[in-house]
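Colleague: I should be grateful for a close look at a single helix and at the setting in which it is found. Please treat the matter as one connected account.

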Amino acid sequence: MKKKILVANRGEIAIRLIRAIQELDHEAVAVYETPDQRSRHIRIANEAVLLGDGPRCDYLNIDKIIKAAKRSGCCAIHPGYGFLAENPFFAKACETSGLIFIGPSSKTIYDLGNKVIARKIMADAGIPMVPGTENLPQGREGIEKALAFAAQYKYPLMLKATSGGGGRGIRLVESDAQMKAEIPVARAEALAAFNDDSVYLEKVVINPKHVEVQILADQFGHTVHLGTRDCSIQRRNQKLIEIAPSMIQNKELLDEICKTAVKAAKAANYVNAGTVEFLIDHNFNYYFMEINTRVQVEHTVTEMITGIDIVRNQIQLAFGNPLPFSQEDVQIRGHAIEVRINAEDPKNNFMPEGGKKVSVYRSTGGFGVRLDGFVYQGYIIPEVYDSLLVKLTVHGFTWTETVSRLHRCLENFVIAGPKTTIPFYKNIVQDKDFISGSFDTSYLEKHPHLFLYDEDASEAGKLAKLIAEIHYRKRNPFAI
Amino acid sequence: MTRIFHGMPVSEVLNTLRQANGYYITNTARDLSQSDFKNRILLHTDLLAARAREKAGYFSLEITGGASVHVDILRKQVNPFTKLKVLREKMPQTMFQTLCRGVNLFGYRPYPQNVIRFTVREFAKYVDVWRTFDFMNHIENMRPVFEEVAAAEKINEPCICFSTGPEHTNAFYVGKVKEIIAVTGGEIILCIKNHGGLGTPKRIGELVHAIKQSYPDLPIHYHGHNTDGNDVGRITEAVINGATIVDAADFSFTGYYGPPPVLSVIQTLKELGHTAICIDEEAIIETSDAIRDERKHYDQFESQIKGFQPTVQIHKLPGGAMGSSLEQASKGNFLDKMPDILHKELPRVQKELGNWWSVTPGSQILWTTAVSNVLGGERYGNPSGDLRNLLLGKYGPFPFYKPEEWIFEKVLGENWQQILEEEGGIEVIEDMDLAHERYALAEKIGIEPTDQQLVLYLQHPNDAVEFLKFEEQYGQVYVLPPSIFFRQGGFEIGEVLHFQDHNGKEHMIEIGPSPVIDTGETNVYLNVDHHQSIFNFQPEVLGGGQGKAAILSKEEILDLAMAGDMRSPFAGNIVEISVKEGQEILIGDRIAIMEAMKMQTPILSKIDGIVTWISAKAGDSLQPGDKILKVDKNE
């Protein structure tokens, strides 16, 4: 039966969700804030509801979204990533309003979102974890506990906000003196940011690889994994390039990590799609980090190597269907790489290019190429939303083939107007360490030459701009 | 018969010239472009000619210097260094020659010594032959250039600027040559710089002979202009009397004020028994064939007035300034006054001011003064700052005689003697803090500038910054032919443009429709390499604001002026606003002075009235039709 599903998001992920909904022969209802009124997701959806003038507040307004879903006759809401995707209160509000929240239950989101509860669940299940404390008690006692932990595990340590995530609310501590100074500051900051001042400590794994496992689970107790992804190439904990599967040349280790991920998901009674994140140190020790309870930006690389549509499965699972395949049916084939093409200036600390207009947009294509985009020619980079223009995902049979394909695609890509991350990625795909598959979270820091490049923009695009000027002004304004 | 080529040691070049049995030719492509095409010949055209020019066997290709460095960045949007690099790839053998204005380098006013030296060092990496002059023939003004050129092991070609009149004797010029050699030593080429194409063939022959008598080992390079149509005659006499190098240009592009057609020179001298050394006549014809079809695209830059001007012998304007003078007269609506200015006032001013050489920047001083004398009514009533500096001796001593005292009084005021005492003498310009300038440029363009970018910035600060920003935005546009770059009236829908970018990649752009959308914006659709691209243009705001006003026609500007709305008659900078709000003015009063390229033009009121509103200020860069001020008409 045809169902209506509300897409509580914007940008490329909104389009990704709408496509899956429509492929299932359901109808997608988009929501938007006024600054997004020209956006593509509104055109592609079957219906669209204006939430308000925003910016950003209406996409985060649980009441408005629930009302929009009710009024347009939706039976389910897909939250995408970001915004309300990992907000347990939103999932809860859906549950109490009789709407299906496409994702795990509000309780699972709550438990896994709280770092300390999550750690406890995992510890009980015997999942290997970075040594750490529980929530530190308030005041003097907390500081003493912290110092004792430091004495046992040695610095550096990571001081983390219990309710933080996505790279926010964490700080490196390297001495007792710093510890004493930082704990109160971290608490105040956490309270302001997450409305929760709890903090805890973790041993720091030096320059680890960031490897994660995609899992899918139905409500009948079946949990499968879709292999690994490596998201080590990050800047300040924000992922830039993701690959699947991990390039670690140790099949037993990766198999073990995947099995551990399934075990972790089961321990959390996890249903729907999720991602279990691990850190792997240079001695191949791996540690559970967290479970992300949403569809990830980088889910595309897993889809490419498995052929499994994660979003489609998310919807089917949320509607109570059993997983349509077993672990044995999941085949990993080849390699995939995804790059996030953002309107940002890598040379200027990845400053977003908000307000600039995309005057030329020419994408790439061909065998093994996938684009998940939101941008179009004439698109103005929003100053109030993120600067992701399009995700370029390539798939190849071998790693070498995949890297060459990515290089070719980046060369063919033309975006004029804002600065983009394309020239920066071009440097990465030509870097010998990347080509040989050896990178960890310190990759960018250790490869400063990646930031040296001439500003991109094809010569033809630039000359075309002058020709347009000559044509429009009926003379060359730069020559008379 | 030895070919002289790029990379040959200076001493070997000079010995080859001394032993030459015949003469060499310099292709003065830059001077042709400057004199007959307002400096607009594009690198694209020079590249079309490059292969055949290389084969032709010239002594050198004069391709940079003069006003071209400025126009390259201002109107052609090409980096003068890029131009030399790209040409060198196509022309590995031919020496490149420049024209340097001594202390004024490639600009119009003196530069500090350290800027001169830095600039010469950078250009000397690409330029083999340095033709250097000073408009007062004041040798000291050229010394830093001589020194840097010698240090770079390039060829110094100092000039004696030539003119006519009772003072301009052979003895005077031979004396100047002596002064030059005292500074440079004998390892130079001497240029006789006949920028106006003055004198008869006989006069030039005698001068060359006189110099050769005193300096038999000094190779002489004769440079002339064909303004009166008779430069082939002067070249002939120069060669007969011992000149070793002469200037001429590709005949399919020759006009009225620049160098004469090269083939005519060769044919004339051949009959007289003088051989053009290493010259391949077929390659010369091939060159003209290769570029002939391009000439029509430069039509808008050719002179407003067609025909040779034998009266140059009276007004003495240099060929390089003829085009811009006539353009200014045309745009300033005083073409009808030209006979008066050229044939009466200009010769009079020249004599009054000392009968020195009418060449940059002296020619501009003479011209501006003559124009202002004729249009302003009162002679020397509106002296320019440059005229004042001239009288103060800032550019050097008067070579023959000083102007009469009444002119000093007119220009400097009643207590002119005291002013002369206090302020007179050669201007000493303090060195600039180059590190600071580099920092200032970095701030403006957002990246650490290269030495070459800094050189451009030191020459023309604002224009260089604009150019560097243009380059960043529009790329290397020298690849575009004049049929695209200078297109007027836009392209046809469906027209397909082909070009190769500077990396050698082929591109194709098909012109699509340009609909105006509901917001008033225009979308220009171009099909770029089979991909549709849209370029969005904001509607133009008339009467100030961000957008550029539509260009008004000459008639519209005049009509507005008659109604009291004074607009800029041409593209240029405001040098001075000469009136104040509330001031009463009469027809013919000067309301402003504008400068375009190197010419200053007074803007005169067309009506009697009161100035009510001034919208432009000194330093503003205006387009034709931009507002200057408003006058309330007396009824």
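Modeller: The model is predicted, and the part chosen here is helix α10 of chain A, residues 299-306. Eight of its eight residues are buried, so the helix is largely enclosed by the rest of the structure. A residue counts as buried here if 20 or more other C-beta atoms lie within 10 Å of its own. In α10(A) that description applies to A:H299, A:T300, A:V301 and A:T302, and likewise to A:E303, A:M304, A:I305 and A:T306. Just after the helix, A:G307 takes a positive phi of about 75°.

The chain around this helix may be considered next. Chain A has 480 residues, of which buried residues make up 50%. Its secondary structure comes to 16 helices and 20 strands. When contacts between residues at least 6 apart in sequence are taken, 65% of those in chain A join residues at least 24 apart.

Elsewhere in chain A, helix α7 (residues 139-153) and helix α8 (residues 176-194) have axes that come within 10 Å and cross at roughly 145°. The crossing of α7(A) past α8(A) is right-handed. On the side of α7(A), the contact is made by A:G142, A:I143, A:A146, A:L147 and A:A150, while α8(A) contributes A:D176, A:M179, A:K180 and A:I183. Sorted by class, this contact has six nonpolar, one polar and two charged residues.

Chain A also touches chain B, and the contact takes 25 residues from chain A and 38 residues from chain B. On the chain B side, at least two residues each are supplied by α22 (461-474), α23 (482-485), β10 (506-511), β11 (522-528) and β12 (531-537). The element that gives the most to this side is β12(B), with six residues. The side of chain B that touches chain A has 18 nonpolar, 15 polar and five charged residues.

Chain B further holds a closed barrel of eight strands, running β1-β2-β3-β4-β5-β6-β7-β8 with parallel pairing. On average, and with direction ignored, neighbouring strands of this sheet are turned by 30° against each other. Helix α2 of chain B (residues 29-36) packs on the sheet, where it touches β1 (24-27), β2 (60-65) and β3 (95-100). The direction of α2 makes about 50° with that of β2(B). Within the barrel, strand β4 (residues 129-132) of chain B runs parallel to strand β5 (residues 155-161) of chain B, and four bridges join them. B:T132 stands opposite B:P158 in β5(B).

Methods
Residues are numbered from 1 along each chain as its sequence is written. Chains are lettered from A and ligands numbered from 1 in the order in which they are written. This is a predicted model: local features need pLDDT of at least 70, side-chain atom pairs count only at pLDDT 80 or more; totals for chains, interfaces and linings use all residues. Two residues are in contact if their C-beta atoms, placed from the backbone, lie within 7 Å. Ala, Val, Leu, Ile, Met, Phe, Trp, Tyr, Cys and Pro count as nonpolar, Asp, Glu, Lys and Arg as charged, and the others, Gly among them, as polar. A residue is buried if 20 or more other C-beta atoms lie within 10 Å of its own, exposed if 12 or fewer, and partly exposed in between; C-beta atoms are placed from the backbone. Axes are lines fitted to C-alpha atoms, for helices over the stretch in contact, and angles run from 0 to 180 degrees between N-to-C directions. A crossing is left-handed if the near helix is turned anticlockwise from the far one by less than a right angle, and right-handed if clockwise. Two strands pair if DSSP finds at least two bridges between them.
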